[in-house]
Amino acid sequence: MINKTVKNVQEALQGVQDGMTLMLGGFGLCGIPENCIQELLRIGVKDLTCISNNAGVDDFGIGLLLQKRQVKKMIASYVGENAEFERQLLSGELEVELNPQGTLAERIRAGGAGIPAFFTPAGYGTEVGEGKESREFNGKMYLMESWLKADFSFVKAWKGDTAGNLIYKGTARNFNPMMATAGKITVAEVEELVPAGELDPNMIHTPGIFVQRIFQGEKYEKRIEQRTVRQA
Amino acid sequence: MALDKNQIAKRIAQEVKNGMYVNLGIGIPTLVANYIPHGIEVVLQSENGLLGMGPFPTEDKVDADLINAGKQTITTLPGSSIFSSSDSFGMIRGEHVDLTILGAMEVSEEGDIANWKIPGKMVKGMGGAMDLVASAKNIIVAMQHTARDGSSKLLKECTLPITGLKCVKKIVTDLAVLEVTDKGFKLLERAPGVTVEDIQKATEGTLIVEGDIPEVQL
């Protein structure tokens, strides 16, 4: 079996350069590649285009990259909960392209699956549709949307093996499986890395072919945005 | 007396039928889950990738890897399933979700909805709202009938940027229950003690009143 293991996060991010397009998995702060984000901060690459459903919060996730002005453009569906983001957007320092969430997910899936464009009804008749081709199918109007690909995709999984196979846990799956398919180089960070053969092939969510580099993250904070509980 | 948020949610819960897959938006729609009658089995879809959303966890069961689309910690239920965002929006776009309940800033008499952006104010993004309204088989909107300054939010045409065209089927406000028809907003029910005249005054779009309008029963 081809071994995809790299020693650590430093090795995993080798080749990441200024001006690159990156995909970062996660929904809110759930299932984000925490260790890769820390390493992006450390190496200080800038002028990045980041594709991610959200932009983190002020002091965690992609919010940290924004604080250090490393992001030139953000492609996302929802960017609330982030004051620094708002400031940079209003001052024109940051470029933002907002996509309907399902359109964003499908653009990434299309990128990984070799489909350059597709039609979706989401956003037809809204400003999302401005300048895009629209077409009628069975009496309903659809917008043409194009694929998304990245120089590097950073995904977070629960378990992975040395062959690059991944299993996600809970709703930390979200955008990670599609992003894993759409990176020229996909880096997977996992909570537990095991030898090939230890994961049940029937349970794999992302097959190893999509993953070029895998490592076990040093630590996971797994911050919670809205801690809601009920009485026992 | 006008309905409060919980009463709006309670009235909308009456629209939820046994066996439905339902997506609830943030705000009043989330409260609908609290009022689904006993004996009615529904499955709640959370668009970040969960079918069968359970209640908030007890303190000892909080799991950072299990949240809903509002980023709140939640639980699964027996029979729940978890999937990717593309599968989730495949369910939505493919019209497998029976009912979507969401909030709105404005609705037009043709069923257009505006709920994602106020020009000049911070743009947070549409999230999944445009996908949901473009493909839902049935959309019910929960909203206040008028803005704080008293201006109507049920309009001939939306003034704010549109989220989706001709998609809203029913609206439950603090004042009334209305159906969107070819000819305008058809008044179905009024809040207890609220007159047809009150509703007419609060509705800028065409209001259709036929016969006696019953009060909302909660």
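A salt bridge here is a side-chain nitrogen of Lys or Arg within 4 Å of a carboxyl oxygen of Asp or Glu. Keep that cut-off in hand for the first stops. One caution before you click: this is a predicted model.

**Stop 1: Lys137(B) and Asp98(B)**

Select these two side chains and zoom in. Lys137(B) and Asp98(B) make a salt bridge, with 3.2 Å between the closest N and O atoms. Now colour by secondary structure to see what they tie together: Lys137(B) sits in the loop between α4 (129-135) and β8 (139-142) of chain B, while Asp98(B) is in the loop between α3 (85-93) and β5 (99-103), so the bridge links distant parts of the chain, 39 residues apart. Buried or exposed? Switch on the surface: Lys137(B) is partly exposed at 41% relative accessible area, and Asp98(B) is partly exposed as well, at 22%.

**Stop 2: across the chains**

Next, pick Asp65(B) and Lys169(A). Their side chains meet in a salt bridge of 3.0 Å, N to O. This pair crosses between chains: Asp65(B) belongs to the loop between β3 (50-53) and β4 (76-82) of chain B, and Lys169(A) to the loop between β9 (166-167) and α6 (176-181) of chain A. Asp65(B) is buried, with a relative accessible area of 2%, whereas Lys169(A) is partly exposed at 26%.

Don't stop at the pair. Add Lys156(A), Glu191(A), Lys222(A) and Asp63(B) to the selection, and you have a network of salt bridges that also includes Lys169(A) and Asp65(B).

**Stop 3: inside one helix**

Jump to helix α5 (residues 101-113) of chain A, and show Glu106(A) and Arg109(A), which lie three residues apart, about one turn of the helix. Their side chains meet in a salt bridge, 3.0 Å from N to O. Glu106(A) is buried, at 13% relative accessible area; Arg109(A) counts as partly exposed, at 33%. How many salt bridges does the structure hold over all chains? The total is 30.

**Stop 4: a covered helix**

Stay in chain A and select helix α2, residues 34-43. This one is mostly covered, with seven of its ten residues buried. Show them as sticks: Glu34(A), Asn35(A), Cys36(A), Ile37(A), Glu39(A), Leu40(A) and Leu41(A). What do they pack against? Expand the selection and you will pick up α1 (9-12), β1 (21-24), α3 (62-67), β8 (150-161), β10 (183-194) and β11 (213-216) of chain A. Then step one residue past the helix: Gly44(A) follows α2(A) and has a positive phi, near 70 degrees.

**Stop 5: zoom out on chain B**

Hide chain A and look at chain B as a whole. Its secondary structure comes to five helices and 13 strands, and the C-alpha trace spans about 50 × 40 × 30 Å along its principal axes. Its radius of gyration is 17 Å, which agrees with the value near 17 Å for a compact globule of 218 residues.

Colour chain B by accessibility next: 57% of its 218 residues count as buried. If you draw a contact map, 62% of the contacts with a separation of 6 or more are between residues 24 or more positions apart. On the outside, chain B exposes about 9400 Å², and carbon and sulfur atoms supply 50% of that.

Last selection: the charged side chains of chain B. There are 21 positive and 28 negative charges, and their mean positions are 2 Å apart.

How values were computed. Residues are numbered from 1 along each chain as its sequence is written. Chains are lettered from A and ligands numbered from 1 in the order in which they are written. This is a predicted model: local features need pLDDT of at least 70, side-chain atom pairs count only at pLDDT 80 or more; totals for chains, interfaces and linings use all residues. Side-chain values use heavy atoms; hydrogens and water are left out. Helices (H or I, at least four residues) and strands (E, at least two) are DSSP runs, numbered from the N terminus. Buried means under 20% relative accessible area, exposed over 50%, partly exposed in between (1.4 Å probe, protein chains only). Contact means heavy atoms within 4.5 Å. The radius of gyration is taken over C-alpha atoms; the globule rule is 2.2 Å times the number of residues to the power 0.38. Accessible areas come from the Shrake-Rupley method with a 1.4 Å probe; for residues, only the protein chains shown count as cover. Lys and Arg count as positive and Asp and Glu as negative; His and the chain ends are not counted. The place of a charge is taken as NZ of Lys, CZ of Arg, CG of Asp or CD of Glu.
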